[in-house]
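Please open the structure in a viewer and keep the selection panel at hand. The tour proceeds by selection, one stop at a time.

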Amino acid sequence: MYSPHSSMPSTREFNADLTFRFARWLKALGYTATTNRQYLGCVVSLCQFLNDIPATDVTHLDIRDFLASIAQKGLKQATIWRTMSALRCFFDFLNMGGLINWSPPRFARLRRLRRIVPRVLTEKQVRLLLSAARNLHERTMIEVLYGTGARAGEVRSMRVEDVDLAARRIRVLGKCGYRYVLFPRAISSYLRRYIGKRKSGYLFVARSLSRRLNLISTANGAWRSYFYKYDPAVKRSLRVPWYVTKREGLTHDQALRRLKRDIPDSIRDLSIGKKPLACVTVRWVVMRVGLKVGIHVNPQLLRHTFATHLLDHGADIRMIQEMLGHISVSTTQKYAHVSMKQVQKVLDKCHPRNV
């Protein structure tokens, strides 16, 4: 990576360059943006911990000290395991590039993760949650989350043109590429009403301006502000300045009404399918509805509930694996520990003392 004839960089510059090259390599591996961000954050934290030690001189003892330091912060065991996975990926990258002859994280051992049985809602709680939705937007989103078992990231990526109401399926972008999720008949009417006359764009939208309008009075008595205009070319919102001179003599309320009037209708309707919701927005919609009826709920909990209720009603674990988009059935297997209804049925049917 560095030529031996070039001027020697500082240790921090050297580690920073390795981190930059690793970030490019992560994109080549095709990981999701979330995984790339988490892995890169772990490597940056390691470099900060190493201080003046080059990453190529790290030993398994340094890795153990680093993991111990983050464990002292009270992080969950799963987070420490994810950090270990990121470090193994990074040092495998260095080994592949010929900078090191071994991978230190491979010689550090952690305790196996304890199996955690996920919490799920009862069918009565789900009905209560659905009845608490205050509008069609909230009801449709919760119906889709519970009816398809899709992840929050998959729900936010759903597009109108990918919804097949006849076949009752939606094409979504998951962790491992595109896949189809199916939905029950009861959801069709909600989707049809929610989509309305739209033909394209993101399925779930926010029908209000994404940012609060800020009106600022300048020293010379003028009013200035700004709004955001989404640019599809760069796929992000750009800041547009707004200004009213002192000569117009507007009060605060008059200037605010002028600002709202000056914002183009195309920006007001921007969120109607042009820009996806944030994952935190999907999570907040579900949590807000749950709080109304005293249920602590999030999209992941609805996904667990979807799988467990299918298992309770006799669905095969392999079919549930396909519906959830899991690569390995072992990931889906945890729901077998949750569904005690099926276990009870087998016990009642097969145990000789149950006669």
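The stops below cover a helix, a helix pair and a set of strands.

This is a predicted model, in which local features need pLDDT of at least 70, side-chain atom pairs count only at pLDDT 80 or more, and totals for chains, interfaces and linings use all residues. Residues are numbered from 1 along each chain as its sequence is written, and side-chain values use heavy atoms, with hydrogens and water left out.

First, select Glu138 in helix H6 (residues 136-148); helices (H or I, at least four residues) and strands (E, at least two) are DSSP runs, numbered from the N terminus. Glu138 is buried, with a relative accessible area of 0%; buried means under 20% relative accessible area (1.4 Å probe, protein chains only). Leaving aside neighbours within four places in sequence, the contacts of Glu138 (heavy atoms within 4.5 Å) include Val285, Arg288 and Lys292.

Next, add helix H12 (residues 299-312), whose axis comes within 7 Å of that of H6 and crosses it at roughly 45 degrees. Axes are lines fitted to C-alpha atoms over the stretch in contact, with angles from 0 to 180 degrees between N-to-C directions. Among the residues that meet are Ile142 and Tyr146 in H6, and Leu302 and Phe306 in H12.

Then select strand E2 (residues 169-174). Ile170, Val172 and Gly174 point to one face and are buried, while Arg169, Arg171 and Leu173 point to the other and are not.

Finally, add strand E3 (residues 177-182), which pairs with E2 in the antiparallel sense over six bridges; pairing requires at least two bridges found by DSSP. Arg169 has Leu182 in E3 as its bridge partner, and two residues lie between E2 and E3 in their hairpin.

Notes:
Buried < 20%, exposed > 50% of the residue type's maximum accessible area, 1.4 Å probe, protein only.
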